[in-house]
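Q: I am new to this structure and would like to learn how to read the spaces inside it and the way its strands are arranged. Could we go through these features one at a time?

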Amino acid sequence: MKIGVPDLISNSYFPAVAAVELGIMREEGVNAEIELVFPVDRAYTALQNGGLDFVAGSAHSALSAFPEWNGVKLVCAQGQGMYWFLVMRKDLSPQRNDLSIVKGRRIGAAPWVDMGLRQLLIAGGIDLERDEVQIAPVPGAIGKTVNFGLTAAHALEKGLIDGFWANGMGAETAVRSGAGSVVIDVRRGDGPPECFNYTMASIATTERKIATDPQQVEAVVRAIVRTQEILKAAPEKAAEVGAKVFPATEAKLTTDLIRRDIPQYSARISRTFVEGMNVFCRRLGILNGAPAYNDVVATRFQSLWQPKNT
């Protein structure tokens, strides 16, 4: 059974990766492996074509392969809220939560991930055309096995871009190298409040999978919930996973990054989130209708989102 992630050397999809590497999936009866498939729309296309069984990626991006949510469902969350960071070159003297820094700048962002930044900037009063904001792929971020956050951090250090919109690993790498400063961290209160519900790191699968193998889907959801609780109780176990999956330098950052993310570790997908994501998607033009909560979320698995020990 294959779980696709669009960025592997990252904290964004860590609950899914940790569920496999810590053996939690196996304990739940699932023989799973993680496959890096970049960018996220390619991962969802693989899900639609049967090349993947699940995608552990950004929730809104399911629309890239499943228009109007036809044929796909979110089964649980890996974490709450939009989870990317806006990082700008430190020598530009950026200030926290000051979006004016993007005017006239080149910002690197991955396909479909860039949508979150575009709408955040618009909501924050930035006119992308008038203010000459260039949002484009990062130089060198090509191929299906790119780890985008690290690629973006390295591009920033080389001066190939003025900023980037990417995961916490990329942000932390840029900050520690001295090349970048964090301007926006939505999960921790930066940016317009509505942006929190633009998307989340979720687990998605096809309606076909849910209909033909609901026991396996249940097992995957249970494994994610158990992994979230394990990491909450013992964040240092993240280092065990990092040592297996990440290069040595990034592995050293793992525990700190996961400890920071723990407050967002919940498998629930709320109606408020789905409503906010739908509005976001309609504004972008990637959704035409107004799908109901049940059209987006596999509600039959809701009872599994709450940890057994609470």
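Q: How many cavities of 30 Å³ or more does the count give?
A: A cavity is a space where a 1.4 Å probe fits but cannot get out. In this predicted model, the count comes to 2 cavities of 30 Å³ or more.

Q: What lines the largest cavity, and how much space lies in the largest cavity?
A: The largest cavity holds about 130 Å³ of space, and its lining is made of 16 residues, among which Asp7, Tyr13, Trp84, Val113 and Phe148 lie nearest the centre. By class, that lining divides into 12 nonpolar, 3 polar and 1 charged residues.

Q: Which residues line the second largest cavity?
A: The lining of the second largest cavity includes Asn11, Ser12, Tyr83, Arg187, Arg188 and Asp261, and its classes come to 4 nonpolar, 3 polar and 3 charged residues. About 70 Å³ of space lies in this second largest cavity.

Q: In what order do the strands of the open sheet stand, and why is one side of strand 7 and of strand 9 left without a neighbour?
A: Strands of a sheet pair through backbone hydrogen bonds, either parallel or antiparallel. Here 5 strands form an open sheet with mixed pairing, in the order 7-6-8-5-9. Strand 7 (134-136) and strand 9 (180-185) are at the edges and have a single partner strand each, so one side of each has no neighbour in the sheet. From one strand to the next, the twist averages 25 degrees.

Q: How do strand 5 and strand 8 pair, and which helix packs on the sheet?
A: Strand 5 (residues 85-89) pairs with strand 8 (residues 163-166) in the antiparallel sense over 4 bridges, and leucine 86 stands opposite tryptophan 165 in strand 8. Helix 6 (residues 168-177) packs on the sheet, where it touches strand 5, strand 8 and strand 9, and the direction of helix 6 makes about 145 degrees with that of strand 9.

Notes: Residues numbered from 1 in each chain as written. Predicted model: local features only at pLDDT ≥ 70, side-chain atom pairs only at ≥ 80, totals over all residues. Heavy atoms only, no water. 1 Å grid on protein atoms, 1.4 Å probe; cavity = no way out; pocket = protein on both sides within 12 Å on 5 of 7 lines; lining within 4 Å. Points joined across faces, edges and corners; volume = space filled by probe spheres on them. Nonpolar A, V, L, I, M, F, W, Y, C, P; charged D, E, K, R; others polar. Pairing = 2+ DSSP bridges. Helix = DSSP H or I, 4+ residues; strand = E, 2+ residues; numbered from the N terminus. Axes fitted to C-alpha atoms, helices over the stretch in contact; angles between N-to-C directions. Contact = heavy atoms within 4.5 Å.
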